[in-house]
Amino acid sequence: MNGEIIAFCCEHSAYAAADVVGKQGLHYPEKLRVIRVPCAGRVDIIHMLKALEEGAAAVLVLGCEDGLCQHLTGNVRAKERVKYSETLLTEVGIDGGRVGMFNLAANAPHKFIKIINEVNDRIKERERENDSR
Amino acid sequence: MPVRMGIFLCDCGGSLKNIDFPKVRENLENLEDIAFVDITHNLCLEEGEKAITSRILTENINRVVIAACSPEFRERNFGELLEKLRLNPGLLSLANIREQCSWAHEGDVTRKALELIMMAVGKARLLQPVERKEVAVNNEVLVVGGGFCGMKSSLELSQLGIRTTLVEREPTLGGKLKKLEGFYSSQIEAMIKAIEKAENIEILTSAEVTGVEGKIGDFKVRMRGTKEILRSFGAIVFATGYKTEVAAGDFPLKPGVNIISQERLVQLLQAPTLEARPETIGFIFDLSDENPRFPTLATLNNALAVKQRWGSEVYVFCKNVKVDSEGVEKLYREAREDGVMFLKFDKNPKISADDGRVKIDAEDTLLGEEIVLTCDLVVAEEKLLPAEGTEGLSSLLKIRTDSQGFYQEENVHLYPVSSERKGIFFVGNCRGDLDLGRVLADISSVVAKVYELLPPGKVIVEAERVKADPQKCVACLTCIRVCPHRAVQLVQVDSEKVVAEISQLACDKCGICAAICPAKAIKFEGYSDDQILAQIEAIGVS
Amino acid sequence: MKAERSIVVIGGGIAGITSALELANSGFTVYLVEKEARIGGQAASFCCKATEVCTKCSACLLPQKLSEVASYPQISILTNSMVVGVKGELGNFQVEVCQKPQYISPQKCIACGMCTEVCPTMPKAIQSPPPEAVPYSYSINESQCLRLKGKKCNLCREICPTNAIVFGQKPERQELNNIGAIIVAIGFDVFNAREIGYLGYGRYPNVLTGFDLERIFRNQGSLKLSSNGKEPKKVAFIQCVGSRDENHGYCSQVCCKYAMRLARLIKHQKPDAEVTIFYIDLQTAGKGFAEFYKECQGNIRFIRGVPVEISEAPSDEVEVKFENITEGKVDRENFDFVTLSVGIAPRKDSWELAKVLGINLGDDGFFDIKEPFNSTETNVEGIFLAGACQSPKDIPDSIAHGISAAERAMEVLKRCQ
């Protein structure tokens, strides 16, 4: 990998929203790679860390809004795992901001784009900071 | 058997111009285990189906990758096509090169398209077939609660040919509404007769549910009546109702002779004789904004009954008239036409005793004046609350309740009547503040859902979509505790070992267990750890 | 046995789709007849109103159900179609369906978009479907299309890779036989706020309805004034527009809830915006809604009042003159955006369908039910009602009613076997 953004997308919310974005002809950075999962709660810490190890610039977990998860606790567990990954990364000296959890619904394509663009902006800023050192 | 993969690339009628399909094909054909890479134009149409069919029938492949539009619509259709061609649909892997690739970016996206397809190829290599099998299920239903809701549910289930057991903790059926004259009590009498006559409804009175184990199709229920009962049911419908409490906290005076509940008022209205007819009656409700439908309906109905039976002066004090149920606006207008006076307040009125009567001091927001009214009788607001025993029962069932303690978590996916445990349902006011129209919709909904999940005969399930490997499982119970659908049980595999077993009928395929298992013993076919890691590893390798 | 296993559902909104899915899951074949070019109904244009938590509006349940309905082989979706005749009886109806010319066949259109690229008109006569559309196929705007206006043009037809475009089509009739039961789920009309002239809908660009606001959030993600492209600073919601009045003797049940959710969303996106809700009786019933209302009271102004006039004010604002009931006086305030919380009205074309099916309309113009407390059966045996076409309902209640109607249909059919 070379600086891609990996997004684990829950099929009920984020994956559906991403499809709507495409249908509306709206664009987002090409470096996004989506991995479809049945629930954000399927995503494990090893998946996130592996993606970073392979060279991803950022790893995102996109699940349903708080209180909307069809499996009740999937999005909550995912958030806990993302937080834990953040602390692990910080402990070994890697920017914990390279993993993140976001929530949206299937009928919120704008939120999908906002999230990807914000993550991309942060990546570019980090690159600029690294370059200037 | 070595993997032999067929890849179909759809260029959507030639419109996905920012993908260089021949280049993609060239890259894929070089791979070892690829039997063919076809570029087609309309995989979603008949000609596409024909193209897939002829290839699969002539080539000997055991994995299929399709790169086309979103799997949201296509997954099921392509899966069914494969099944027709004697290939297990679990061996299909999809890549979304349209909505999430060609349409989502400016400029050439050939590299991304190739990567998405390589992700699907990496996953496909590791896919295993998932067989379907028939399972026999118990399709008998337990209905808990012998009031209006429980009885009507039992009757409707029985009419669809479903054997039902109705359990009620009181010695007789009927519930609260039995005491109401008129429409309700006559309905209830008729229902009791019909239930007693019905051949496929069993009645258990003076009995309570004390334990529920198992899963849909096989719930083992313990009940205690005159003796301990252990029975098995396919589904359980809870119609345990509600209780009302006079909103004591908001009333400075205790309920007594002159401050009464709606129930007490109904008793007085139904009494054949009345000592002293109250001249002035005040109703107060909507002091809090919680559960307003029930007190609104009770107030409107009873206010009208008072007018008709006693002809007293009737005043209703409320903050907002809650009319969001069918027919209530009309009832409200009827009450006003009949002379019931409605006074709206923004600040809660002051209530005090006045020489054996009750004084209400309120600021009428419409008139903008202070109104002081002395009533012979005040009917106090009643809060609708979960029935006695709801908390205990919900922890027994390991089911979440909402913020007020009523059954059913506030999650829109569960509405109207489901719970997070497949096969356990809640109907009526035990799940919140409903009106009769909504209660009736609940009842028919639950009957439809039971019939859908437990049809007569056998049920077809995927045999091992999510499975705990008995060799690796150490019975730590994590998955059992974590499964939001309570689909995992411990089973004995031999004289020494117990392992976790995931019920395919109850499993809702979220994968939370697979992620959390410390021994990595749970394999979720289609989303296993290797299958996910293979997708990650395929990115950037092009 | 096979004769009774087909059901016609008229109307492809949330209730109709729910009935169709319920029936299909229980082994029935379903014909979903939809008047418009796509199913989804009103809820297809609703937005997600989550702030930091889901606000339970249930709008996102529709996309999930749409994918299911589109991929079930037992459900046939007939769009641009209406039921024009019915013969027979419970267990064996013959339903005549008329399909208006589509020009682009949804069965053949793969939505590649090449037709729109070559279309010579401006704005394009061939339009891409809204993203939530099912079927997801292109359509031709008859008033723009050169060919349909009699001129020579074949550009789209020539480039279409699947020959999905056919001009010269005539309305097509087909008869669906051996239909066991019919479920009517045609939904509602949004109350036309123009009927209340003094509220200024259609006159002022910054006075819109709740349904307009849903669409704006759905398509654009945030509320920006058309006049200056900025987010509004002072927003008003007016409740009971077209409900609980002389012509509508009912509460529409959805408006107070959607207004509060939209108000919260506006506050969430622009915390320093001032949001006011004018109401008569606030409807706060429903699971968990009392808590939500308490939270709303924290940063939204609730005024018990009735606006009597909306007039122009400087800087594209509007002045709302209203009777402040709590304070007992008439007040005036300026707002830069006003939302009219319009209600649910019976569809104007329901009388046509009522005539075809032989079912009755009730006093309020919604379809009448057979007897009190049996809200899914009509006066005709075998014809059922689902959703808001029977009486105003929100999405969760429409889903429940849709399942109920399916259950009733299955039960009645079983009894007549």
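How many bridges join E16(B) to strand E17 (residues 341-344) of chain B, and in which sense do the two strands run? In this predicted model, four bridges join the pair, and the strands run parallel. Within the pairing, Cys318(B) stands opposite Lys344(B) of E17(B). The connection is helical: E16(B), helix H10 (residues 328-337) of chain B and E17(B) form a β-α-β unit that is right-handed.

E16(B) also has a second partner. Strand E15 (residues 280-285) of chain B pairs with E16(B) through six bridges, in the parallel sense. Here Ile281(B) is placed opposite Val314(B) of E16(B). From E15(B), the chain passes through helix H9 (residues 293-309) of chain B and on to E16(B), in a right-handed β-α-β crossover. Burial of E16(B) was then examined. Strand E16 spans residues 313-318 of chain B, and five of its six residues are buried, so the strand is largely enclosed by the rest of the structure.

The domain assignment divides chain B into four parts. Domain 1 covers 5-130, and domain 2 joins 141-241 with 387-458. Domain 3 covers 244-384 and domain 4 covers 464-524. The C-alpha centres of domain 1 and domain 4 of chain B are separated by 33 Å.

For chain C, the assignment gives two domains. Domain 1 is assembled from 2-100, 171-187 and 347-416, whereas domain 2 is 190-343. Their C-alpha centres lie 32 Å apart. Contact between them involves twelve residues of domain 1 of chain C and 17 residues of domain 2 of chain C. On the domain 1 side, five of the residues are charged, four are nonpolar and three are polar.

The largest nonpolar core holds 311 residues. Ile117(B), Ile183(C) and Val184(C) touch the most other members. Beyond its neighbours within four places in sequence, Val184(C) contacts Ile10(C), Gly11(C), Leu353(C) and Phe367(C), as well as Ile383(C), Phe384(C), Leu385(C) and Cys389(C). A further core of 35 residues lies apart from the largest one, and includes Phe283(B), Val340(B), Leu343(B) and Leu377(B). In general, nonpolar side chains of soluble globular proteins tend to be buried together.

Interfaces between chains were considered next. The contact between chains C and B takes 52 residues from chain C and 52 residues from chain B. On the chain C side, the elements that give two or more residues are helix H1 (14-25), helix H2 (61-71), helix H7 (289-299) and helix H9 (395-416). H9(C) gives the most, with 13 residues. By class, this side of chain C has 21 nonpolar, 18 polar and 13 charged residues.

H2(C) contains a series of buried residues: Leu61(C), Leu62(C), Pro63(C), Lys65(C), Leu66(C), Ser67(C) and Val69(C). These residues pack against elements of three chains. The partners are H1 of chain A, helix H3 (71-84) of chain B, and H1, strand E3 (75-78) and H9 of chain C.

Chain A meets chain B through 37 residues of chain A and 34 residues of chain B. Helix H1 (14-23), strand E2 (32-37), helix H2 (45-53) and helix H3 (74-91) of chain A each give two or more residues to the chain A side. The largest share, six residues, comes from H1(A). This side has 15 nonpolar, twelve polar and ten charged residues.

Two loop positions of chain C were examined individually. Thr79(C) lies between E3 and strand E4 (81-89) of chain C. With 22 other C-beta atoms within 10 Å, Thr79(C) is buried. Setting aside residues up to four places away in sequence, Thr79(C) touches Glu34(C), Glu36(C), Ala37(C), Arg38(C), Ile39(C), Pro106(C) and Pro135(C). Gly11(C) is 68 residues from Thr79(C) in sequence, and the C-alpha to C-alpha distance between them is 9.5 Å.

Asp394(C) occupies the loop between strand E18 (383-385) and H9 of chain C. This residue is also buried: 21 other C-beta atoms lie within 10 Å of Asp394(C), and the cut-off for burial is 20 or more. Its contacts beyond four places in sequence are Gln253(C), Val254(C) and Lys257(C). Arg218(C) is 176 residues from Asp394(C) along the chain, with 18 Å between their C-alpha atoms.

Technical notes. Residues numbered from 1 in each chain as written. Chains lettered and ligands numbered in written order. Predicted model: local features only at pLDDT ≥ 70, side-chain atom pairs only at ≥ 80, totals over all residues. Core = buried A, V, L, I, M, F, W, Y, C linked by C-beta atoms within 7 Å. Buried ≥ 20, exposed ≤ 12 C-beta atoms within 10 Å, placed from the backbone. Contact = placed C-beta atoms within 7 Å. Domains from an automatic or database assignment. Nonpolar A, V, L, I, M, F, W, Y, C, P; charged D, E, K, R; others polar. Pairing = 2+ DSSP bridges. Right-handed = clockwise from strand over helix to strand, strands pointing away.
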